[in-house]
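Subject: Handover of a structure, with findings

Dear colleague,

Please find below the structure that I am handing over to you. My findings follow it.

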Amino acid sequence: MKKFLNLDALKLMNLDALSIWKVLVLGVIGVLAWQTFSIQVLNREVYQAETKSMVTHTKNIYAERGQIMDRNGVVFAENLRDTGKADDYTRIFLQGKLASQIVGKVNRGGEGSLGAERVFDLRLRGNEGFRVSIQDARKREIYGRSENVAEAEPGKNLVLTIDRNMQEIVEKALKDGVAEFLAKSASAVVVDPYTGEILAMASYPTFDPNSKNQGVGSMAKNDIVALSYEPGSTFKVVTAAAALENGIVSPDTIFADEGKCWSWNPRSEKICDTHVYGDMDMGEAMVQSSNIVFGKIADKVGADKLYRMARDFGFGMRTSEHLYGEESGKLYQPYELTRDDRTLKTMGFGHALMATPIQLVMAYSAVANGGHLMVPQIVKEWRDSKGNLVEKTKPDTVRRVISEKTAADIRQMLHRVVNNGTAKKVMSKKIPDVVFGGKTGTAEKYNQETRKYDRDHQVASFIGLAPVENARFVCMVLVDDPQTAQHHGGNTAGPIFRRIMEGIYYHPELSPASHGLALVNAKSNCDDDYVGMLANAAKSMAAAKNCPVKFEGEGNRVISERRDDSDSLGITLILEDMDGGKMPNLKGLSLKDALEIAGNFRMSVEYTGKGRVVAQSPKADEMLRKGQVCKLTLKERG
C-alpha cells in the first residue's frame, strides 16, 4: 500500500514541475512578444532612429579656399592636397617671402590670421558641404546608398592690385637699403595716383609664410599702414596747399631772412633751420625745407584752416577698411593747436600730428592727379573657382581736396626739390629722361622718457612723383633709424626711391611704353619662373632655355629671382636651404641679416651691443632644440 502512495506522490511532483516549466516558457514568450510589440509598434520610431544612427554618419565636405594672385594672375597662395587624405589640405605660398605682409598667413585651422588672408577670410574660405554616409558593420561606406546633401562651394579667388615683378624690385631695394644705411627697417609703397591702386608695398625685414618654425612677430608688421609717426617735412606739402587754396600766401610771397632761428616770443622755444638761407618764397622754402618759413605760413593760415586741409587730405582717419593692421594716426583739433603759441607753427613742418605713410602717399597722389583724394585699393577683382569675373573694383574718389592750379603749383615746387634741393640724390643717370619731383623728410623720434626729440634716432623718408607731370607712379620710401653719417631723407630714402624707379623703368613688363629704353627687351630667354624649384632643376632648365643664370646664397631651393639692371640678359637666382635643424653661422652679419636668418628657426632672439655679430649662442652648426633662445653679441667696427 505504501509503495503505491509513493508512486502517486511522484507523479504529482512531476506534474507540478511540468506546470512550472510551462508557466516559465509562456512567461518568456510573453515577455519576448511584449518586447517585440514594444519595438515594432509602440516605440518603432525610437528604435528605427537608433538603428539608423548606428549605420549612418554625417560629415562636412571641405570647401577649397580661394587663390590669392597678383594683378597678372601670378599665384601667391593656393591649396596643396595631401595625396593620402581626400580632405586634408595645406595652404602653400608659392612666392615665399615675397609680398607676405600683404598676402598674410593662415592658422592651423585653415583660417586667415594675417594680411589679406585674414581681412578677406569669409570670401576666401567658401561654404562647406554636407554628406550623409551609410556604413556597413565594419564601418565601411556603402557608396550606392551615401549621398551629398549639400555640395561644398569653393571660396572666391582674390586678385590683388600688386604686380609681382614690381614687388620684387621694391623688396630687393629695401633689403639693400637697410644693409647700406644700417637701418632698423625700411618700407616702401608704389601707387597709381589716378586709380589709387597699390602696385607694390613692403617692409623689410619680412617673414616666410611657409615656415612652420619661424615666429612672425614684428616682421608681419607693414609700416606703410601700421606705423604712426610725426612725418616731418613731407607734411609741408599740406601746409603749402592750405595757404595756396585759401589765398593766404601766394607762390611769390617773400619771407624775409630772420637768420638761422626764429624767435617770436622770449618765453617760447625757437624754431631753427640747419642753415641761414636768406629771403625765400614758398617754392624756395620747399627746396631748402625751411622750418622757419613753413612755421610762419602755418601761423598765417591759422589752426582752423590748417586742420580742415589736413582732415580733407585724410589725416587722422584710416584710409581703407581693407588694409590689414592700418592705424589712423592723430590729428589735433584747432583748440589743441592754439593752447600755446608754438604748437600750430610746428604743425606747419610736420610736428604736432601723427600720420601713417599710406596717408601721406595718398595726399601726394592727390597733388599728382590734379587734386582728387583717392581711396587706396589693394583688391583689383574677385573671380570664382572657374576663373569667371565676379566683382571688379572701381577707382573710388573720396573728394576733391585742392584745385588743379594749387596741385600744379605744388608739383613745380616738388620738381625744384629734386632738381636743386634736398633730394638731388634722387636724380638718375640711368633714366635721365624721367623727370622726378618729390619731398624729403627727416623726423626726429620723440622720447617719452626725456620728453624731448632724440637727434640720434630718426625716421627718414622721401615721397616722389615719377614723372612729376602726368605721373605714372607715386612712391614713398621710409627708412627707420638709419645709423650712417648721412642719415637724412635725401641721403637714405631718396637713393632707395631712385633704385626702385630704375628697376621699374628697366623692366620689360613694367616700363611705360613711351619710355622705350634700348635695354628693355619684351622677349627674353629668361621669362620663366624659377621660384620654388630645386637648384639643380633650375640650372638644367635655364641651360635648356639658353638663359644665363647666377646663383646667390647656399641652399637646395630657389626662393626668389632677380633681373639685375647691369645684366639685363640674365637673372640671379637666390638659394636657401628650406630644412634647418642646425644653428647657422651669424658672425660678421649685421643685426638685420642675423634676425632674418634666425627667423627661419623656432627661437626668440636676444642681443646686446650695436654693429655686427661677434659672438653667438648656440654656436654655429650646433643642433637646435625646440624653444631655444638665440643670444647675439654685437660690436661696432674699430
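Is the crossing of H8 and H15 left-handed or right-handed? In this predicted model, the crossing of these two helices is right-handed. The contact is made by Val 237, Ala 241, Leu 244 and Glu 245 on the side of H8, and by Thr 406, Asp 409, Ile 410, Met 413 and Leu 414 on the side of H15. Two packed helices are described by the angle between their axes and the distance between the axes. Here the angle is about 140°, and the axes of H8 and H15 lie 10 Å apart. The two helices are therefore oblique to each other, since the angle does not exceed the 145 degrees above which a pair counts as roughly antiparallel.

Helix H8 itself covers residues 236-245, while H15 runs over residues 404-420. Because 9 of the 10 residues of H8 are buried, this helix is largely enclosed by the rest of the structure. Among the buried residues are Val 238, Thr 239, Ala 240, Ala 242 and Ala 243, and two residues that also contact H15, Val 237 and Leu 244, are buried as well. After H8 comes Gly 247, with a positive phi near 65°.

Lys 236, in H8, deserves a separate paragraph. Lys 236 is buried and yet has no salt bridge. Its nearest side chain of opposite charge belongs to Asp 273, 6.0 Å away; a salt bridge would need a separation within 4 Å. If residues up to four places away in sequence are set aside, Lys 236 touches Met 286, Ser 289, Ser 290, Asn 291, Phe 294, Gly 348, Phe 349 and Lys 439.

I turn next to the salt bridges. Side chains of opposite charge can pair when their charged atoms come close. The count for this model comes to 21 salt bridges, and three of them are described here.

In one of them, the side chains of Glu 117 and Arg 65 meet at 2.9 Å, N to O. This pair links distant parts of the chain, 52 residues apart: Glu 117 is in helix H4 (residues 115-119), and Arg 65 is in the loop between strands S1 (56-61) and S2 (68-69). Both residues, Glu 117 and Arg 65, are buried.

Another salt bridge joins Arg 125 and Glu 111, at 3.9 Å, N to O. Arg 125 belongs to helix H5 (residues 121-125), whereas Glu 111 is in the loop between strands S5 (105-106) and S6 (112-114), 14 residues apart. Arg 125 is partly exposed, with a relative accessible area of 33%, and Glu 111 is partly exposed at 39%.

The third pair is Arg 416 and Glu 284, whose side chains meet at 2.8 Å, N to O. Arg 416 is in H15 and Glu 284 in helix H9 (residues 282-288), with their positions 132 residues apart in the chain. Arg 416 has a relative accessible area of 29% and is partly exposed; Glu 284, at 26%, is also partly exposed. Salt bridges that share partners join Arg 65, Arg 91, Glu 111, Glu 117, Asp 121 and Arg 125 into one network.

Finally, Glu 554 lies in the loop between strand S23 (549-552) and strand S24 (557-562). Glu 554 is exposed, with a relative accessible area of 75%. Glu 554 and Ala 535 are 19 residues apart in sequence and 9.8 Å apart in space, C-alpha to C-alpha.

With kind regards

Conventions. Residues are numbered from 1 along each chain as its sequence is written. This is a predicted model: local features need pLDDT of at least 70, side-chain atom pairs count only at pLDDT 80 or more; totals for chains, interfaces and linings use all residues. Side-chain values use heavy atoms; hydrogens and water are left out. Helices (H or I, at least four residues) and strands (E, at least two) are DSSP runs, numbered from the N terminus. Buried means under 20% relative accessible area, exposed over 50%, partly exposed in between (1.4 Å probe, protein chains only). Lys and Arg count as positive and Asp and Glu as negative; His and the chain ends are not counted. Contact means heavy atoms within 4.5 Å. Axes are lines fitted to C-alpha atoms, for helices over the stretch in contact, and angles run from 0 to 180 degrees between N-to-C directions. Angles under 35 degrees count as roughly parallel, over 145 as roughly antiparallel, 65 to 115 as roughly perpendicular and the rest as oblique. A crossing is left-handed if the near helix is turned anticlockwise from the far one by less than a right angle, and right-handed if clockwise.
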